[in-house]
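User: Could you walk me through how to read a loop residue and a sheet here? I would like the general idea, then the case at hand.

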Amino acid sequence: MNKVKIVTDSSCTMDYKLLKELNITMIPLSVMLDGVIYPADENFDNQEFMATMEKSKVLPKTSQPPIGVFAETYEKLTEDGSTVISLHLTENLSGTVEAARQASHLVKGNVIVVDSEFIDQSLSFQVIKAAEMAQAGKDVDEILAACKTIEKNSKLFIGISTLENLVKGGRISRATGVVTNLLNVKIVMELKEGHLLPVAKGRGKKAFFKWLQELKGELQKQTIEKIGVSFAGNESVAKEIAAELKELFPHIDIPVFHTNPIVATHAGDGAFAIMYYTKP
């Protein structure tokens, strides 16, 4: 039986200790801020990035790893006959998965590229499961089926505290951004099939917690397998949310991580995300 090895990218938010423990290869995306390019790897300082981004007049530019980096990684990992399963963030948010696909055709070894349809800890749910199964000696089909099951039963919600970065990125008009900021409007969106769709909005932080009560009601009707909370910059709202979820699910570990710079660039300071998947 051929060994299976797992590859992902640094939009996958997780405890970096697991990379070594589970033999996961993480290929970093990069971010350019004020003319300087930084690899978004485990040595990336998220808080320093947020502070620098806040002072900058232009939004950072993020980019996927070069095809050559993927190809070199795949060649190295498959030279012993192993099969690589390469899991990446949704292609609706980045060209990373397409770069990985192109690279997979350049190597002799067997490489299977998967669009997770998610990002952040939702991506890590699939990556960690795949790596655990690979270590347990499960075959490729079993691992792919498990990842697909997690994807189909996953939800990701992101709360936006300020529209400043969306304005900088040209996603909404500056006039709209000024008005909504003055009104202290908060927005919650769901990442569904690779697209961000608004699900709730309101004025002030209370809007987030009003929506959270509705979400908790839905969660109580389901069997939750895993939950994660991520944040960008200011962690206060994320920690409050995690505490409420912990009261609801005391038996589930709920990690709270600073999100990756790819998400933080567009979400802005004070943003948070709640991710979970349920038992089928």
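**A loop residue and an open sheet**

Analyst: Gladly! Let's begin with a side-chain pair: Asp34 and Ser56 make a polar contact through their side chains, at 2.9 Å. Keep in mind that this is a predicted model.

User: Where is the place of Asp34?

Analyst: Asp34 is in the loop between strand E3 (30–33) and strand E4 (36–39).

User: Which residues does Asp34 touch, not counting those up to four places away in sequence?

Analyst: Asp34 touches Thr52, Ser56 and Val58. As for backbone positions, 8.7 Å separates the C-alpha atoms of Asp34 and Met53, which are 19 residues apart along the chain.

User: Now the sheet. What is the order of the strands in the open sheet of 6 strands?

Analyst: The general idea is that strands of a sheet pair through backbone hydrogen bonds, in either a parallel or an antiparallel way. Here the order is E10-E9-E8-E13-E11-E12, and the pairing is mixed. Strand E10 (195–203) and strand E12 (256–258) are the edge strands, each pairing on one side only. From one strand to the next, the twist averages 20 degrees.

User: In what sense do strands E11 and E13 pair?

Analyst: E11 (residues 224–231) and E13 (residues 272–278) are antiparallel, over 7 bridges. Phe231 has Phe272 in E13 as its bridge partner.

User: And which helices pack on the sheet?

Analyst: Helix H5 (residues 120–135) packs on it, touching strand E8 (154–160), E11, E12 and E13, with its direction at about 140 degrees to that of E11. Helix H9 (residues 206–219) also packs on the sheet, where it touches E8, strand E9 (185–192), E10, E11 and E13. The direction of H9 makes about 5 degrees with that of E13.

How values were computed. Residues are numbered from 1 along each chain as its sequence is written. This is a predicted model: local features need pLDDT of at least 70, side-chain atom pairs count only at pLDDT 80 or more; totals for chains, interfaces and linings use all residues. Side-chain values use heavy atoms; hydrogens and water are left out. Two strands pair if DSSP finds at least two bridges between them. Helices (H or I, at least four residues) and strands (E, at least two) are DSSP runs, numbered from the N terminus. Axes are lines fitted to C-alpha atoms, for helices over the stretch in contact, and angles run from 0 to 180 degrees between N-to-C directions. Contact means heavy atoms within 4.5 Å. A polar contact is a pair of N or O atoms within 3.5 Å; within protein, one must be able to donate a hydrogen and the other to accept it, and residues adjacent in sequence count only if both atoms are side-chain atoms.
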